[in-house]
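Let's take a walk through this structure together, stopping at a few residues along the way. Have the view open and turn it as you read.

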Amino acid sequence: MKTLIVNRFKELSILLMLSLTSIVLLTVRIKITHDFYMLFLVWNLFLAILPYVISLWLETSIASTYYKRTHKWLTVPIFTIWLLILPNAPYIISDLIHIRNASGAFLIYDSILIASFAITGCWAGFMSLHQMINSLSSIHIIKREVHKTVLPYLILFLCAIGIYLGRDLRWNSWDIIQQPAKLFTDTLSIFIHPLTHQTAWLQIIPMSLFLMVIYKLFLQYEAKS
């Protein structure tokens, strides 16, 4: 338990450092340009950190005998909610499209600014994914090592689909409640008619591979820490 607390403190310290760096960069940009255009990155960062808050709470709760004895049934709905909002973490990568609106003088600065928020979002998402897999394994929802190995990469593939739905089709996580039928139809269409959705797969596949490779590197860091 002590080792877990130390590891989480290190992770939170890194997340705080990355978040502060991103916000300072944004503050400097606003101060210089008096332009609040990039302020949306703060909201996107909040949404990116939210899955980590959920997985951290679940991990802490599962550590108690009381949760395992009386509230274990809550894990599935909590996991479902977490899965729906997890794509918000790596979604900030797609905010790099806003670089096209940067002027020549701020092209590099805005690239660094958005990359800083994207790195922070991915870090929070990878930590959250790692915690969630460990939590599901600790209460035997994931019972085989092969499932523990494969599931994260399947989730990252779903995240890539979520990023496409959010960036190109402008769906949000809460639309699963507001317009579930239309969202399901749009998602299913990507798989049923792949040839007519080549643009979608041109985004989903590279994003999936990118997230999987970076997550693999993240796991190596976790193993050494």
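Asn134 counts as partly exposed, at 25% relative accessibility, in a model that is predicted. This asparagine belongs to helix H6. Look across from there to Lys148: the two residues are 14 apart along the chain, and their C-alpha atoms are separated by 8.1 Å.

Helix H6 is a good way into the interior. The largest nonpolar core has 55 residues, and Trp82, Ile155, Ile204 and Leu211 have the most contacts inside it. Several elements give two or more residues to this core, among them H1, helix H2 (40–62), helix H7 (145–167) and helix H10 (198–224). The most comes from H6, which gives 13 residues. To see how one member of the core is surrounded, click on Ile155: leaving aside its neighbours within four places in sequence, Ile155 is in contact with Phe79, Trp82, Leu83, Leu86, Leu129 and Ile133.

Now for the cysteines. Why is there no bond between Cys122 and Cys159? The closest cysteine sulfur to that of Cys122 is in Cys159, 9.7 Å away, and this is too far for a bond. A disulfide here would need the two sulfur atoms to be within 2.5 Å, and by this rule the count comes to zero disulfides. Both side chains are out of the way of solvent by the accessibility figures: Cys122 is buried at a relative accessible area of 10%, and Cys159 is buried at 2%.

Next, turn to helix H1, which spans residues 2–33. Three of its stops are worth a look. Ser19 lies in this helix and counts as buried, with 9% relative accessibility. Not counting residues up to four places away in sequence, Ser19 touches Leu45, Ile49 and Thr120. Val24 is also found in H1, and together with Val28 and Ile32 it makes a nonpolar surface patch of about 250 Å².

The third stop is Arg8, and here the charges come in. A search of the whole structure finds six salt bridges. In one of them, the side chains of Glu11 and Arg8 meet at 2.9 Å, N to O. These two residues are three apart in helix H1, so about one helical turn separates them. Arg8 also meets Glu59 in a salt bridge, at 2.7 Å, N to O. That second pair links distant parts of the chain, with Arg8 in helix H1 and Glu59 in helix H2, 51 residues apart. Arg8, Glu11 and Glu59 are thus linked in a network of salt bridges. Are these charged residues buried or exposed? Glu11 and Arg8 are both buried, and Glu59 is buried as well, with a relative accessible area of 11%.

For another salt bridge, go to helix H9, where Lys182 and Asp186 lie four residues apart, about one turn of the helix. Their closest N and O atoms are 3.1 Å apart. Lys182 is partly exposed, at a relative accessible area of 44%.

Finish with two loops and their backbone angles. His34, in the loop between H1 and H2, has a phi near 55°, a positive value in a residue other than glycine. At 64% relative accessibility, His34 counts as exposed. Arg170 sits in the loop between H7 and helix H8 (175–178). Its phi is near 60°, again positive in a residue other than glycine, and Arg170 counts as exposed at 52% relative accessibility.

Terms used:
Residues numbered from 1 in each chain as written. Predicted model: local features only at pLDDT ≥ 70, side-chain atom pairs only at ≥ 80, totals over all residues. Heavy atoms only, no water. Patch = residues over 30% accessible without salt bridge, like charges linked within 9 Å, V, L, I, M, F, W, Y side chains within 5 Å. Areas by Shrake-Rupley, 256 points an atom, 1.4 Å probe, with all protein chains shown as cover. Salt bridge = Lys/Arg side-chain N within 4 Å of Asp/Glu carboxyl O. Core = buried A, V, L, I, M, F, W, Y, C linked by side-chain atoms within 4.5 Å. Buried < 20%, exposed > 50% of the residue type's maximum accessible area, 1.4 Å probe, protein only. Contact = heavy atoms within 4.5 Å.
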